[in-house]
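Reader: I have a model open and want the reasoning behind its labels. Can we go through them one at a time?

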Amino acid sequence: MKNYLEAYKTMFNVKEEGKLYYSPGRVNLIGEHIDYNGGLVFPSAISIGTYGVAGKRSDCFLMLYSDNYPHEGIIMVDLNQLQFDKSHGWANYAKGIFHEMKNRGYDIPFGINLYIKGNLPTASGLSSSASLEVLVAFIANDFYQFGLSRTDMAILAQHVENNYMGMHCGIMDQLIIAEGIKNHAILMNTATLEMTPSKATFDDYQLVIMNTNYKRKTTDSKYNERVRECQEALNILKNKYDIDYLCDLKPYQLNEIETFLNHHILFKRVRHAVTEQQRTLDAMDAMKNADLLTFGKLLDESHQSLKNDYEVTGLHLDTLVDAAKQSGAIGARVTGAGFGGCAIALVKNDFISRLEHEVQVTYYTKTGIMPEFYLVEFTDGVKKII
Ligand code: GLA
C-alpha cells in the first residue's frame, strides 16, 4: 500500500502525500437477482477490492489514473463538463459520481488527483464497478465534507450505475460495499434498506470463489432484460395482489400466480424471485444455527433456480458449480449477475486444494479456459486507511 502512495506522487508529480482509501468488492452468499424485486439478499464485503489515493488540486479538474488501465494514461476531466464520454472508459464511473453530486446541489469547489489500483478481477461478478463508485463517493464526501452517510453514498452510487452507466441494478452491491462488517454477512431488506448483520464463519469449511474467466459482453443487456421481465410480471400481478414488489408474494401463492400469469417465461422469473426470497431467509436461519449442510443445500437450490427459472448461468458457470459439487463442495452457486463471472463453493478446509485441482481439470477440459480461485476474508466497508 505504501507503493500506491509513492506511485501517486510520481504519477501526478506532486510532493504532498495523498490520502489512501480502500473499497472492498463483494460476494453474495444467497439472494440473487432479487435486490430489484424488493427482496432479501445476504452479501459480504471482501478483502479484495479497490485502493484509491487522492489529493487536492488548486484548479477545477479531476485527474484520473488507474493502474489497471495504464495505457489510458491520466484522464483529465473538467468539473464543469461531467457528461458521460465513451472514450473515458473506466473513468466514467468516477465522473458519474461527481456528476450526480453536482446534480444534487453539492458544491465542488476544487479538483482532485486520483490514483486507482484495484485487485478485483473486472467484470466477473465481484462488483469491481460498485467498488470503484463507492470509493469515489467516499473520497469526495471526505474531501468536500458533505456529511453523507454510508447508505446515502450507496444510494447515490446506485443512481450513477442506473442513470449514468445504464445498468439497472439493485442496491445490493453498493450497499454492502459501503456498509460491510468484518467477519459478517448482512441480511439486507432491499425494500426498506433494513440491515441485519450475521456472523459469517464456516467452522472447518471455507468459501472458495471460483472465477470462470469467461466474460460475456452482453451481461448488461441481459441483466436489464431480466429487470424488465420482472417489471412486466409485477405490473400484471399488481392487478391481482396488493403488492409493491415481486418478493412480497409467497411460495404458497405460486400455483395461483401461474394461472394469472399466462406467460411461461414471466412465471419462471417470478418463481425464482419468490423461492429465492424464502431460501435467503432459510439460509440466514441455517447460518445462525451453524447448520452448514442446510446452508449448502440452499446454495445448490439457488443455483438450480438461477439456471432453470432465471436463466442467468450458462455452460461456464454450470460446469464450475457441477465440478465443485463432484469434488466434495457441500454447496455451490453462481454469485452476482451471472452470464459468466464467478461462482462460490462451500468446501471443507482439508479438501480445498483437491477441489481446486479437480475443478480446474474438468473446467479446462470442457471449456478450454483456466479458472481462478480466491480465498477471501469478509471485511468492513469502504474506509480511509491513511
Ligand atoms: C449485479 C447487480 C446487483 C444484483 C446482482 C444479482 O451484481 O449489480 O444489484 O442484482 O447482480 O443479484
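Reader: What makes you say where the ligand sits?

Author: This is a predicted model. A molecule sits in a pocket if more than half of its atoms lie within 2 Å of the pocket's grid points. The ligand meets that test for the largest pocket.

Reader: Which residues surround the ligand?

Author: The shell consists of Arg26, Glu32, His33, Asp35, Tyr36, Cys169, Gly170, Met172, Asp173, Tyr223, Gly336 and Ala337. The cut-off is a heavy atom within 4 Å.

Reader: How does that shell divide by residue type?

Author: Five residues of the shell are nonpolar, three are polar and four are charged. Tyr and Cys count as nonpolar here, and Gly counts as polar.

Reader: Why is the pair between Glu32 and the ligand called a polar contact?

Author: The cut-off for a pair of N or O atoms is 3.5 Å. A side-chain N or O atom of Glu32 is 2.5 Å from an oxygen atom of the ligand. The pair is therefore within the limit.

Reader: What about His33 and Tyr223?

Author: For His33, a polar backbone atom is 2.6 Å from a ligand oxygen. For Tyr223, a polar side-chain atom lies 2.5 Å from an oxygen atom of the ligand. Taken alone, the ligand exposes 310 Å², and the protein buries 95% of that.

Reader: Why is His33 called buried?

Author: Buried means under 20% relative accessible area. His33 has 4%, so the label holds. His33 lies in the loop between strand S1 (19-28) and S2.

Reader: What makes the phi of His33 worth a remark?

Author: Most residues other than glycine have a negative phi. His33 is not a glycine, yet its phi is positive, about 60°.

Reader: Where is Phe339, and what is its phi?

Author: Phe339 is in the loop between strand S10 (331-335) and strand S11 (340-348). Its phi is positive, about 60°, and Phe339 is not a glycine either. Phe339 has a relative accessibility of 4%, so it counts as buried.

Reader: How do you know whether Leu40 is buried or exposed?

Author: Its relative accessible area is 10%. The limit for buried is under 20%, so Leu40 is buried. Leu40 belongs to strand S2 (residues 40-41). Its C-alpha is 15 Å from that of Pro251, which is 211 residues away along the chain.

Reader: Why is Gly89 called partly exposed?

Author: Under 20% would be buried and over 50% exposed. Gly89 has 28%, so it falls in between. Gly89 is in the loop between strand S5 (75-78) and helix H2 (91-103). The C-alpha atoms of Gly89 and Met101 are 20 Å apart, with these positions 12 residues apart in sequence numbering.

Reader: What makes Tyr106 partly exposed?

Author: Its relative accessible area is 27%. That value is neither under 20% nor over 50%, so the label is partly exposed. Tyr106 lies in the loop between H2 and strand S6 (112-118). From Tyr106 to Ser131 it is 25 residues in sequence and 22 Å in space, C-alpha to C-alpha.

Reader: How do you know which label Lys348 gets?

Author: Lys348 has 29% relative accessibility, so it counts as partly exposed. Its place is in strand S11. Lys348 and Leu207 are 141 residues apart in sequence, and their C-alpha atoms are 8.9 Å apart.

Technical notes
Residues numbered from 1 in each chain as written. Predicted model: local features only at pLDDT ≥ 70, side-chain atom pairs only at ≥ 80, totals over all residues. Heavy atoms only, no water. Polar contact = N/O pair within 3.5 Å; in protein donor to acceptor, adjacent residues only side chain to side chain. Areas by Shrake-Rupley, 256 points an atom, 1.4 Å probe, with all protein chains shown as cover. 1 Å grid on protein atoms, 1.4 Å probe; cavity = no way out; pocket = protein on both sides within 12 Å on 5 of 7 lines; lining within 4 Å. Helix = DSSP H or I, 4+ residues; strand = E, 2+ residues; numbered from the N terminus. Buried < 20%, exposed > 50% of the residue type's maximum accessible area, 1.4 Å probe, protein only.
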